[in-house]
Amino acid sequence: MQIIRRERRPPQIPTALEELLPLPLCEELRKCGAPAVEELRLYADRICTVTAEGKRYPLGITFSREELGGLLKEMCRGSLYAYSRTICQGYLTMEGGIRVGVCGHAATEKGSVIGVSEITALILRIPHEIPLSVDELLLRLRTPDGHLHGLLLYAPPGVGKTTALRALARQISAPPYRVRTVVVDTREELAHTLKGRELELSVLLGYPRRLGIEIAFRTLGADLILCDEIGGSEDASAILAAAGCGVPLVATLHADSVEEALSRPAIARLHRAGVFSFYVGLERTASLPLRYTFTAWQEADRLFRSGRNGT
């Protein structure tokens, strides 16, 4: 497929992608009639797809590995080296918080990825605004006397966890709350729209979660820490240290249920320490874009103990 630049972008595509995506792909997006794009899956030698409002549409277009490699280089502004660290971790982050998952042939050395070539897929996750209210989250996060609780937001990928976290960060750090909030934005996709002179907000961009969390409570005087996609043992250790200093955390996790979340060793460790007062499930439906299901720590603990006993 010849890559031809388009003169005008369709309304579904963010400005950051305007000069990158080839004209045939943009024309296919117009034909399928998809609303605002949430995800693009670009494959080598396979049909590409687009996801919008939770629905996936096939596109009558394919790429070659060479074309995907060229597109990846353009996404890196011509310098693959500048983005090599995150590409070796499977992703890069573009302007506007667009995350690109990178799939290809890895070169390894002593068990670590040192380079990726022969690109076979680029998965673009495009930030999108979902009509939602975070009032219910605020009710659980902040008591009438101003005490803050830890929350864990869980859902499968693409439901809106990051969007909800971003909206919560904006509201809790603004008047009338003005909670001193630190966002640890490891993949540089969470805080790109968190702008406003009235926000009592600090953002740590690109920091590993463990280090960012430690900086937030040790040196930035955070009253609340927000971060995306926790799950590792290092994350858990940093979160426990913050909780030990009285700083609560709101975080997200890929999981379908409370039981699945608690089955993860790191989350089980945090649960036993009482880090999260509520576990919040997110669900999208056709009639209600985002719905919350709250499980208090006590109920989650019953499920946790039941699961450990195999009943």
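This is a short tour of a predicted model, moving from its confidence values to a helix pair, a cavity and two backbone details.

Begin by colouring the whole protein by pLDDT, whose mean is 88, with 91% of the residues reaching 70 or more. Then select residues 1-11, where pLDDT stays under 50 and for which the model has 31 contacts beyond four places in sequence.

Next, select helix H6, which covers residues 209-218, together with helix H7, which covers residues 233-244; the two pack with their axes 8 Å apart and at an angle of about 10°. Angles under 35 degrees count as roughly parallel, and H6 and H7 are therefore roughly parallel to each other. To see where the helices meet, show the side of H6 that carries Arg 209, Arg 210, Ile 213, Glu 214 and Phe 217, and against these residues find Glu 234, Asp 235, Ala 238, Ile 239, Ala 241 and Ala 242 of H7. Sorted by class, this contact of H6 with H7 holds six nonpolar and five charged residues, and no polar ones.

Keep Arg 209 selected, since the residue that takes part in the contact with H7 is also one of those lining the second largest cavity. The count of cavities of 30 Å³ or more comes to two, and the second largest has a volume of about 60 Å³. To display the rest of its lining, add Arg 99, Val 184, Asp 185, Thr 186, Arg 187, Glu 189, Leu 190, Asp 228 and Glu 229 to the selection. By class, the lining of this cavity consists of seven charged, two nonpolar and one polar residue.

Two backbone details remain, and for both the background is that most residues other than glycine have a negative phi, while most peptide bonds are trans. Select Pro 175 and Pro 176, which are joined by a cis peptide bond with omega of about 10°; Pro 176 lies in the loop that runs between helix H5 (161-172) and strand E8 (181-185).

For the last stop, go to the loop between strand E5 (99-109) and strand E6 (112-125), where Lys 110 is found. Lys 110 has a phi near 55°, which is a positive value in a residue other than glycine.

Technical notes:
Residues are numbered from 1 along each chain as its sequence is written. This is a predicted model: local features need pLDDT of at least 70, side-chain atom pairs count only at pLDDT 80 or more; totals for chains, interfaces and linings use all residues. Side-chain values use heavy atoms; hydrogens and water are left out. Axes are lines fitted to C-alpha atoms, for helices over the stretch in contact, and angles run from 0 to 180 degrees between N-to-C directions. Helices (H or I, at least four residues) and strands (E, at least two) are DSSP runs, numbered from the N terminus. Angles under 35 degrees count as roughly parallel, over 145 as roughly antiparallel, 65 to 115 as roughly perpendicular and the rest as oblique. Contact means heavy atoms within 4.5 Å. Ala, Val, Leu, Ile, Met, Phe, Trp, Tyr, Cys and Pro count as nonpolar, Asp, Glu, Lys and Arg as charged, and the others, Gly among them, as polar. pLDDT is the predictor's confidence in each residue, from 0 to 100. On a 1 Å grid over the protein atoms alone, a cavity is a set of points where a 1.4 Å probe fits but cannot get out, and a pocket is an open set with protein on both sides within 12 Å along at least five of seven lines; lining residues have an atom within 4 Å of a point. Grid points are joined across faces, edges and corners, and a volume is the space filled by probe spheres set on the points.
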